[in-house]
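Reader: I've just opened this one and I'm not sure how to read it. Could you walk me through a few features?

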Amino acid sequence: MTLVRTGAERLANDPALAGGTRLGLVTNPTGVLPDLTPTAEALLAAGAPVTALFGPEHGLHGTAQADGGEADGVDERTGLPVHNTYKLAGGELDAAVAAAGVDTLVFDIADVGSRFYTYVWTMYDLLASASRLGLRFVVLDRPNPLGGTVAEGPLLDPAYASFVGRHPIPVRHALTAGELAGRFGFDADLTVVEMTGWRRDTPWEETGLPWVMPSVNMPTPDTALVYPGTCLFEGTNFSEGRGTTRPFELIGAPYVDGRFAPALDALGLPGVRFRDVRFTPTFHKHAGTPVRGVQLHVHDREAFRPVLTGVSMLHVARTLYPDDLRLLPGLDHLWGSGELTRRLEAGEDPRELCPPPGTPSGPLLYG
């Protein structure tokens, strides 16, 4: 097994890597060392001058559902002030960071490798603040759980920039947070505390690192694997499985019938099979209503193409249920342009939008 040392573990062993005299740590439950010690506690024990904590979407402690954060307060375990960053940007974010009195922002949050996951955009916004305020910015790098060899899906059209995508990167971007920070182009004093032991082709299971839920609806590495495709169903009136124990693996709607699973299996999509299921979400879309749909079963992780799979599922849903499927405005922001919606509404096959996957481009920290 490959044993990866994260940037957080390296900084805990050598706090001087961060520089600065008043560190503001941007973190959440994924900010832990391999023995599950929270990064904040490990840094304080090592003598690092952490003076404030900042929480992203879902909050410092991960209690909030999607589109929510936690209130400002005091962390009971460290005694440090906690500042919510969610839904703050520009001048509001600058004011919150300045009020914390830090000279260095340290980012330690695990990403899941998909453009529409918001943690890297918290990093983006805070990098912009650091640039405007003249602060140092340090990224404690962690593995991309989808690996770093395969990029898939279109680049974001800047006209569709939002908090689920602020910079032109693919849907499945194959980069680490440290690599992304260097590409965002801010004039900030940026340092990446790199991992050791991670190769771009290292499967998550071989990193030796614990899986800590990045958010309340990302319970397992299997969730992260399908998420770049099935998260697109957030932009429809399908349930994407929130309110179940298998979010993003269970996809369904009240109007789906027994044709959906066989039609998907007939496509012969690489690395995945579909099982006809029925489930009742406990919250979010169709809460308390029995729905029918499919569960994705990935049997070949290397062959599986999540973005192609998600687009193919939307195409089949549109073909089978044209009078029931609703495409919501959020789909354009998730896809990064209006082209997917346009093709689906025109009855065109959108799978042409998914060319064969490529490799990450530009300078890479890990080969």
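Reader: Let's start with Met218: is it buried or exposed?

Author: Keep in mind that we're looking at a predicted model. A residue counts as buried when its relative accessible area is under 20%. Met218 has 0%, so it is buried.

Reader: Where along the chain does Met218 lie?

Author: In a loop, the one between strand 7 (189–193) and helix 6 (221–230).

Reader: And which residues does Met218 touch?

Author: Leaving out residues up to four places away in sequence, Met218 touches Val112, Tyr117, Trp211, Met213, Thr223, Ala224 and Tyr227.

Reader: How far is Met218 from Leu80?

Author: In sequence, 138 residues separate Met218 and Leu80; in space, their C-alpha atoms are 27 Å apart.

Reader: Now a helix, please. Which residues of helix 3 are buried?

Author: First the general idea: an α-helix has 3.6 residues a turn, so residues three or four places apart point the same way. Now the case here: helix 3 covers residues 90–100, and its buried residues are Leu93, Asp94, Ala96, Val97 and Ala100. They span an arc of only 165 degrees around the axis, which puts them on the same side of helix 3.

Reader: What does the face turned away from that buried side carry?

Author: That face of helix 3 has the exposed residues Gly91, Glu92 and Ala99.

Reader: What do the buried residues of helix 3 pack against?

Author: Four elements appear here: strand 2 (50–55), strand 4 (81–84), strand 5 (104–108) and helix 4 (119–133).

Reader: Which residue follows helix 3?

Author: Gly101, and its phi is positive, near 70 degrees.

Reader: Let's zoom out. How many helices and strands does the protein have?

Author: There are 10 helices and 10 strands. Buried residues make up 56% of the 367 residues.

Reader: What would the radius of gyration of a compact globule be with 367 residues?

Author: Near 21 Å, and the protein has 21 Å, which agrees. Along its principal axes, the C-alpha trace spans about 60 × 40 × 35 Å.

Reader: What share of the contacts joins residues 24 or more positions apart?

Author: Among contacts with a separation of 6 or more, such pairs account for 74%.

Reader: Last stop, the outside and the charges. How much area does the protein expose?

Author: About 14,000 Å², with carbon and sulfur atoms supplying 52% of it. As for charges, the protein has 29 positive and 43 negative side chains, and the centres of the two sets lie 4 Å apart.

Technical notes:
Residues numbered from 1 in each chain as written. Predicted model: local features only at pLDDT ≥ 70, side-chain atom pairs only at ≥ 80, totals over all residues. Heavy atoms only, no water. Helix = DSSP H or I, 4+ residues; strand = E, 2+ residues; numbered from the N terminus. Rg over C-alpha atoms; globule rule 2.2 N^0.38 Å. Buried < 20%, exposed > 50% of the residue type's maximum accessible area, 1.4 Å probe, protein only. Contact = heavy atoms within 4.5 Å. Areas by Shrake-Rupley, 256 points an atom, 1.4 Å probe, with all protein chains shown as cover. Lys, Arg positive; Asp, Glu negative; His and termini not counted. Charge placed at Lys NZ, Arg CZ, Asp CG, Glu CD. Arc of directions from axis to C-beta.
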